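Visitor: I would like a close look at a single part of this model. Please pick one part, then show me what lies around it.

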Amino acid sequence: MKLHQTRNNLREKTRGVMTDLLNQQLCDALDLGSQAKQAHWNVKGPNFIGLHELFDKVAEALQGFSDDIAERAVALGGTALGTIQIVAKKSRLPGYPLDLVSGQKHVMALSSALAEFGASTRDAIDLAAEAGDADTADLFTEVSRGVDKLLWLVEAHLQAKD
Ligand SMILES: [Fe+2]
């Protein structure tokens, strides 16, 4: 997709590569946010209220990251590509299982998805840095730190039995 004219002095080639990278991470972030909502709606069991609220917090955080990622693509002269149709085609996350009920199962499924997105975000930091775009690398670093924290908040439910 053609880039818009901008006075931003990053090279056009770098801006193009970063737009593609940002749009891929955007798709994954939007998918992950919708997976957290799926968990928020359907979880049941003894830890219901804590998990119901935590999963909503995860979805909200992902919405914030998605917005920052999309707006960085546009700031570089690109077009943000984040419709549900595009996400369905391009997300690299495995589909969220639709038959989960218990808190433990939702915690496991959402932990895996958060970990996967965390890993690809860390790769994105390196790709942006190698391309010479320190600001996009910084954005992904912030997202990565946030996702690590969310993973902790979710995964802690699996890390002790009493
Ligand atoms: Fe809700």
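Guide: What follows is a close look at helix 2, and then at the parts around it.

This is a predicted model, so local features need pLDDT of at least 70, side-chain atom pairs count only at pLDDT 80 or more, and totals for chains, interfaces and linings use all residues. Residues are numbered from 1 along each chain as its sequence is written, and side-chain values use heavy atoms, with hydrogens and water left out.

Start with the helix itself. Helices here are DSSP runs (H or I, at least four residues), numbered from the N terminus. Helix 2 covers residues 48-75, which makes 28 residues. From its first C-alpha to its last, helix 2 reaches 41 Å, close to the 40 Å expected at 1.5 Å a residue. That expected span is 1.5 Å times one less than the number of residues. Just after helix 2, Gly77 takes a positive phi of about 95°.

Now look at which residues are hidden. Buried means under 20% relative accessible area, exposed means over 50%, and partly exposed lies in between (1.4 Å probe, protein chains only). The buried residues of helix 2 include Leu51, Leu54, Phe55, Val58, Ala59 and Leu62. Further along, Phe65, Ser66, Ile69, Ala70, Arg72 and Ala73 are buried too. An α-helix has 3.6 residues a turn, so residues three or four places apart point the same way.

Ala61 also sits in helix 2. Ala61 counts as partly exposed because its relative accessible area is 23%. Its C-alpha is 8.5 Å from that of Leu150, although the two are 89 residues apart along the chain.

What covers the buried residues of helix 2? The cover includes helix 1 (12-42), helix 4 (103-130) and helix 5 (134-155). Take these partners in turn.

Ala36 belongs to helix 1. Ala36 counts as buried because its relative accessibility is 0%. Contact means heavy atoms within 4.5 Å. Leaving aside neighbours within four places in sequence, Ala36 is in contact with Phe55, Val58, Ala59 and Leu110. Of these, Phe55, Val58 and Ala59 are on the list of buried residues in helix 2. The C-alpha atoms of Ala36 and Leu153 are 13 Å apart, with their positions 117 residues apart along the chain.

Leu110 is the next stop. With the same neighbours set aside, Leu110 is in contact with Leu32, Gln35, Ala36, Phe55, Val58, Tyr96 and Val154. Phe55 and Val58 thus appear among the contacts of Leu110 as well as those of Ala36.

Helix 5 is another partner. Helix 5 has 22 residues and reaches 31 Å from first C-alpha to last, close to the 32 Å expected. Its buried residues include Phe140, Val143, Ser144, Val147, Leu150 and Val154. The buried residues of helix 5 pack against helix 1, helix 2 and helix 4. Ser144, found in helix 5, counts as buried because its relative accessibility is 4%. Ser144 touches Thr121, Arg122 and Ile125, not counting residues up to four places away in sequence.

These helices meet again in the core. A nonpolar core is a set of buried Ala, Val, Leu, Ile, Met, Phe, Trp, Tyr and Cys residues joined through side-chain atoms within 4.5 Å. The largest nonpolar core has 41 residues, and Leu62, Leu110 and Leu114 touch the most other members. Helix 1, helix 2, helix 4 and helix 5 are the elements that give two or more residues to this core. Helix 2 gives the most, with 10 residues. In soluble globular proteins, nonpolar side chains tend to be buried together.

Helix 3 gives a contrast to the buried residues. Lys89 is found in helix 3 and counts as exposed because its relative accessibility is 73%. The C-alpha atoms of Lys89 and Cys27 are separated by 8.9 Å, while the two are 62 residues apart along the chain. Gly95 lies in the loop between helix 3 and helix 4. Gly95 is exposed, with a relative accessible area of 66%. Gly95 and Leu32 are 63 residues apart in sequence and 9.6 Å apart in space, C-alpha to C-alpha.

To recap, helix 2 is covered by partners that include helix 1, helix 4 and helix 5, and helix 2 gives the most residues to the largest nonpolar core.
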